[in-house]
Amino acid sequence: MIEIKTSTLSDGEFNRGVFATENIKKGDLIHKAPVLSYPNEQHVHIEKTALDDYAFEYGKNHSAILLGYGMLFNHSYTPNATYDINFDEHTFDFYAYTDIKAGEEILINYNGDVDDNDPLWFNKDEE
């Protein structure tokens, strides 16, 4: 259903993104990314590494690194996918927010809400 390919949206060292290998219908589950969580007070150590830009909030008291393809979805303010935190299964569950065509890059809003147009944390220093 999904694969990792070179993305024109990413300007990082690896330029990766998640792409659909087949048509995906709105509402379909795309990926369940397992969570590696840690207490927020430990995040000061993560901030010293490249993982800092990939960590997600995981409830009020924890942060998380997502396994699987979870950390490889790129950002858009007009995403075609969204995610829900599944605390019972310790996963982030990614769903199609719109119909997605085969070959299309799957994008999420890094702010967590598809309608949240606030500047991203790594762009706030530029303002």
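# A guided tour of the sheet, core and salt bridges

Begin with strands β4 and β5, which pair in the antiparallel sense over 2 bridges. The coordinates belong to a predicted model. Select Phe56 together with Ala64: Ala64 in β5 is the bridge partner of Phe56. Next, trace the chain from β4 into β5; the two strands form a hairpin with 4 residues between them. Within that turn, select Gly59, whose phi is positive at about 80°.

**The sheet as a whole**

Widen the selection to the open sheet of 5 strands, ordered β4-β5-β3-β8-β7 with antiparallel pairing. Its edge strands are β4 (56-57) and β7 (81-86), each of which pairs on one side only. Strands of a sheet pair through backbone hydrogen bonds, in either a parallel or an antiparallel arrangement.

Select residues 29-39 and residues 62-66 to display β3 and β5; these strands run antiparallel and are joined by 5 bridges. Two positions in this pairing merit inspection. Ser37 stands opposite Ala64 in β5, while Val35 has Leu66 as its bridge partner in β5. Ala64 has already appeared in the tour, as the partner of Phe56.

Is β5 enclosed or open to its surroundings? Of the 5 residues of β5, 4 are buried, so the strand is largely enclosed by the rest of the structure.

**The nonpolar core**

Keep Leu66 selected and display its surroundings. Leaving aside neighbours within four places in sequence, Leu66 is in contact with Ala33, Pro34, Val35, Phe56, Met71, Phe92 and Phe94. Two residues from the earlier steps recur in this list: Val35 and Phe56.

Leu66 also leads to the largest nonpolar core, which has 26 residues. Those with the most contacts inside this core are Ile24, Ile30, Leu66, Phe92, Phe94, Ile100 and Ile106. To see which strands contribute, colour β2 (16-20), β3, β5, β7 and β8 (91-96): each supplies at least two residues of the core. Strand β3 gives the most, with 4 residues.

**The charged network around Lys32**

Move next to Lys32. Side chains of opposite charge can pair when their charged atoms come close. The structure holds 2 salt bridges. Select Glu89 and Lys32 for one of them; the closest N and O atoms are 3.2 Å apart. Glu89 lies in the loop between β7 and β8 and Lys32 in strand β3, so this pair ties together parts that are 57 residues apart in sequence.

Now select Asp93, with which Lys32 also forms a salt bridge, the closest N and O atoms being 3.1 Å apart. Lys32 lies in strand β3 and Asp93 in strand β8, so the pair ties together parts that are 61 residues apart in sequence. Through shared partners, these salt bridges join Lys32, Glu89 and Asp93 into one network.

Which of the terms buried, partly exposed and exposed applies to Asp93? Asp93 is buried, with a relative accessible area of 4%. By contrast, Lys32 is partly exposed at 32%, and Glu89 likewise counts as partly exposed, at 48% relative accessibility.

**Two residues with positive phi**

Most residues other than glycine have a negative phi. Two loop positions may be examined with this in mind.

- His90 is found in the loop between β7 and β8. Its phi is near 55°, a positive value in a residue other than glycine. At 46% relative accessibility, His90 counts as partly exposed.
- Asn15 is found in the loop between β1 (2-6) and β2. Its phi is near 50°, also positive in a residue other than glycine. Asn15 counts as partly exposed, at 26% relative accessibility.

**The final stop: His75**

Finish at His75, which is found in strand β6 (residues 74-75). Is this residue buried or exposed? His75 is buried: its relative accessible area is 18%, and the limit for that class is under 20%.

Display the residues around this side chain. Not counting residues up to four places away in sequence, His75 touches Leu107, Ile108, Asn109, Tyr110 and Leu120. For the last selection, take Tyr110 from that group: its backbone nitrogen lies 3.0 Å from a polar atom of the side chain of His75.

Notes:
Residues numbered from 1 in each chain as written. Predicted model: local features only at pLDDT ≥ 70, side-chain atom pairs only at ≥ 80, totals over all residues. Heavy atoms only, no water. Pairing = 2+ DSSP bridges. Buried < 20%, exposed > 50% of the residue type's maximum accessible area, 1.4 Å probe, protein only. Polar contact = N/O pair within 3.5 Å; in protein donor to acceptor, adjacent residues only side chain to side chain. Contact = heavy atoms within 4.5 Å. Core = buried A, V, L, I, M, F, W, Y, C linked by side-chain atoms within 4.5 Å. Salt bridge = Lys/Arg side-chain N within 4 Å of Asp/Glu carboxyl O.
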